[in-house]
Amino acid sequence: MTSSFIRSLCLLAAFLLLERSAVLFQDHSAPVAEIRTLYSKEFGIAHPAGLSYSVDLGQLFVLEKNHRDHPVTAGSTVAILTPYEELVDRVDLDFVVDDTLSTVLDDRGKRLLLLHGEPAELIQISVGDNGIVDPSRRASFDVRQFGLSRAQGMAVDPDRRFLFVLDSVARQVVRVTLNTDRFDGAITRLNLARLGMTDARGIAVNPADGHVYVMSPAEQRLYELTQEGQPVATYDLKGLNLIDPRGLVIAPSADLTDSPAVMHLYIADSGLPDRQPALAGIAPEALVEQQPGKIVEVALGADAQSVAPSTTSTSLILVWTVDMAAFSPPSPDPSGLTYLSASNTLLVSDAEVEETVDGVIHFQGANLWELTLDGAVVRTANISKVAPTVVPMTNEPTGVAWDPASGDFFFSDDGTRRVYRLNPGADG
């Protein structure tokens with residue numbers, strides 16, 4: 001048997017093995033669990049697209065989507081926030097970056113990278129030690145050597161010093177060795193076509209193991225690969241009800257009770273339906289109107305199984321529903337709830353009522369409501385710092401609890417991440 005014939009047999013066997021693994025790869029989905037949803041309008045980004053995370057700063061960088069029907073005219077906007085939904089800064093750039101999907105934060109280079117498709121130009125903006133983006137300190141690099149057809153995502157492997165760019169038209173991932181001040185490092189390409197992906201958008205790298213994640217919006221599926229392009233797992237995203245998923249990033253869990261090693265996937269969903277065939281699992285009529293832009297935190301694999309709800313079921317009966325927005329004063333966004341056994345009543349807190357959204361505020365001097373068990377208002381109170389108030393404690397009473405032994409109230413604040421303890425007066 002000649003050596004060339006043996007080589008041909010080995011290549012054929014490798015090809016068949018890859019094709020078989022691609023089929024198995026698509027047929028078996030690993031578990032997915034939605035952890036929470038952040039609505040980006042609350043920090044000034046109506047339709048998020050670009051998404052990145054700084055390990056050094058512990059902050060998310062979110063960019064506005066530039067859409068043909070909803071253009072960003074003056075310039076793209078970047079919002080910087082903590083995973084706990086605290087806005088750190090908003091920066092308005094004086095230029096527009098395509099659809100602002102291809103963006104990434106490079107911690108070691110202390111820079112935010114944004115990719116223009118035409119011309120093939122990579123823009124570098126300096127980021128200070130305090131996390132402040134400085135648009136005046138920027139540089140541009142010609143990256144035509146990347147050979148991109150249409151970039152639809154960008155990610156950095158901080159430890160291995162690789163820049164990954166997803167090319168959706170060529171159905172490949174371009175991997176570039178990162179240098180400090182230029183982008184002419186060695187280039188390798190990962191072929192996604194053999195995995196059976198019909199489209200590709202968004203890319204993320206898990207810093208723990210270096211695995212690469214690529215999303216298929218049409219299939220509502222997430223693919224996990226090694227950096228050599230070997231399939232690891234797929235994840236069915238249909239249960240997340242995503243309308244226009246865009247940017248991806250792997251970042252630590254925002255649950256402070258989790259180990260710092262627990263990593264979750266964050267997905268930016270612009271909420272703007274694209275003029276494309278209906279996404280798998282979503283009825284066409286659901287795409288007619290835009291939805292609020294959001295960022296969804298998702299646990300994958302074993303982490304998803306650990307937070308999965310119990311399979312034990314029971315029958316529930318709805319007894320009554322109360323529209324608290326119809327109260328006077330109104331509670332449009334109730335969040336905390338506890339039972340007061342001494343009076344056989346409920347205490348409800350509203351952590352958003354004092355906020356002004358789109359020029360509208362519903363606050364009328366109350367952020368606490370005491371209710372009978374059938375939903376009638378007994379009395380209200382105001383523990384916010386907005387007048388009129390007797391106890392200026394917190395504008396964000398997200399949760400409320402009551403200790404029947406002492407009579408004290410406990411209020412959690414998701415803005416300051418504190419718990420306030422209140423010893424009530426003689427009137428309770």
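This section describes salt bridges and two buried polar residues in a predicted model. Local features were considered only at pLDDT of at least 70 and side-chain atom pairs only at pLDDT 80 or more, whereas totals for chains, interfaces and linings use all residues. Residues are numbered from 1 along each chain as its sequence is written, and side-chain values use heavy atoms, with hydrogens and water left out.

The structure holds 17 salt bridges, defined as a side-chain nitrogen of Lys or Arg within 4 Å of a carboxyl oxygen of Asp or Glu. One of them joins Asp244 and Arg201 at 2.9 Å, N to O. This pair links distant parts of the chain, with Asp244 in the loop between strands E18 (231–236) and E19 (245–252) and Arg201 in strand E15 (residues 201–205), 43 residues apart; strands are DSSP runs of at least two residues, numbered from the N terminus. Asp244 is buried at 2% relative accessible area and Arg201 at 5% (buried, under 20%; exposed, over 50%; partly exposed, in between; 1.4 Å probe, protein chains only). In the salt bridge between Asp92 and Arg90 (3.8 Å), Asp92 is exposed at 54% and Arg90 partly exposed at 35%. Arg36, Glu85 and Glu297 are linked in a salt-bridge network.

Glu224, in strand E17 (residues 221–225), is buried at 6% relative accessibility. The side chain of Glu224 makes polar contacts with the side chains of Tyr213 (3.2 Å) and Tyr235 (2.5 Å); a polar contact is a pair of N or O atoms within 3.5 Å, where, within protein, one must be able to donate a hydrogen and the other to accept it, and residues adjacent in sequence count only if both atoms are side-chain atoms. Ser52, in strand E3 (residues 48–54), is buried at 3%, and a polar atom of the Ser52 side chain lies 2.7 Å from the backbone nitrogen of Leu105.

Note on methods
Helix = DSSP H or I, 4+ residues; strand = E, 2+ residues; numbered from the N terminus.
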